[in-house]
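Biologist: I am new to this one. Could you take me through it, one question at a time?

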Amino acid sequence: MFRTTLNKQLIQDHIGPAFFKRGADYERSHHVLSLEQDGSIVSGTVRGNSHQPYETAFLLGKDGIDESSCSCPLREACKHVGALGLAFMRKTTGSRNDDW
């Protein structure tokens, strides 16, 4: 079975503290343009520095995020994944974005 809720620590464990901070800034600034969940896959688009938003996704596992992908140059575990994770956390738990 997969975990359906995330917390800040699980997201940070996957992307690291620097990308977590930047992802939180992106989430607070409404850079997450869309968010969907299909079973254990969470996907969406996140506005970055490019003209086109980045396609971002992660796989929920029993211990948090098992893997992630992004169309940005880093390809995975980036600030866009952090922003998407925090937006998902806010949507599923009702957390306010000033909590992070």
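Biologist: Is Glu 76 buried, partly exposed or exposed?
Modeller: This is a predicted model, and the value is computed from it. The relative accessible area of Glu 76 is 48%. Exposed would need over 50%, and buried would need under 20%. So Glu 76 is partly exposed.

Biologist: Where is the place of Glu 76, and between which elements?
Modeller: Look between strand S4 (64-70) and helix H3 (79-93). Glu 76 has its place in the loop there.

Biologist: Which residues gather with Glu 76 in a patch on the surface?
Modeller: The patch is one of negative charge. Asp and Glu count as negative. Beside Glu 76, the patch holds Asp 63, Asp 66 and Glu 67.

Biologist: Is His 80 buried or exposed?
Modeller: His 80 lies in helix H3. Its relative accessible area is 5%. The limit for buried is under 20%, so His 80 is buried.

Biologist: Which residues is His 80 in contact with, leaving aside its neighbours within four places in sequence?
Modeller: Contact means heavy atoms within 4.5 Å. Among the contacts of His 80 are Tyr 26, Val 46, Arg 47 and Gly 48. The others are Tyr 54, Thr 56, Cys 70 and Cys 72.

Biologist: How many salt bridges does the structure hold?
Modeller: A salt bridge needs a side-chain nitrogen of Lys or Arg within 4 Å of a carboxyl oxygen of Asp or Glu. By that rule, the structure holds three.

Biologist: How far apart are the closest N and O atoms of Lys 21 and Asp 25?
Modeller: Both residues lie in helix H2 (residues 17-28), four residues apart, about one turn of the helix. Lys 21 is exposed at 54% relative accessibility, while Asp 25 is partly exposed at 30%. Their side chains form a salt bridge, with N and O separated by 3.9 Å.

Biologist: Which residues are linked with Asp 25 in a network of salt bridges?
Modeller: Asp 25 also meets Arg 28 in a salt bridge, 3.2 Å from N to O. Arg 28 and Asp 25 are three residues apart in helix H2, about one turn of the helix. Arg 28 is partly exposed, at 33% relative accessible area. The network thus links Asp 25 with Lys 21 and Arg 28.

Biologist: How many residues apart in sequence are the parts that Arg 90 and Glu 27 tie together?
Modeller: Arg 90 and Glu 27 form a salt bridge, with the closest N and O atoms 2.8 Å apart. Arg 90 is in helix H3 and Glu 27 is in helix H2, so the pair ties together parts separated in sequence by 63 residues.

Biologist: Of this pair, is Glu 27 buried or exposed?
Modeller: Its partner Arg 90 is partly exposed, with a relative accessible area of 36%. Glu 27 has a relative accessibility of 2%. Under 20% counts as buried, so Glu 27 is buried.

Biologist: What separates the C-alpha atoms of Leu 59 and Ser 71?
Modeller: Leu 59 has its place in strand S3 (residues 54-61) and is partly exposed at 26%. Not counting residues up to four places away in sequence, Leu 59 touches Ser 40, Ile 41, Gly 64, Ile 65, Asp 66 and Glu 67. Ser 71 is 12 residues away along the chain, and the C-alpha separation is 15 Å.

How values were computed:
Residues numbered from 1 in each chain as written. Predicted model: local features only at pLDDT ≥ 70, side-chain atom pairs only at ≥ 80, totals over all residues. Heavy atoms only, no water. Patch = residues over 30% accessible without salt bridge, like charges linked within 9 Å, V, L, I, M, F, W, Y side chains within 5 Å. Areas by Shrake-Rupley, 256 points an atom, 1.4 Å probe, with all protein chains shown as cover. Charge placed at Lys NZ, Arg CZ, Asp CG, Glu CD. Helix = DSSP H or I, 4+ residues; strand = E, 2+ residues; numbered from the N terminus. Buried < 20%, exposed > 50% of the residue type's maximum accessible area, 1.4 Å probe, protein only.
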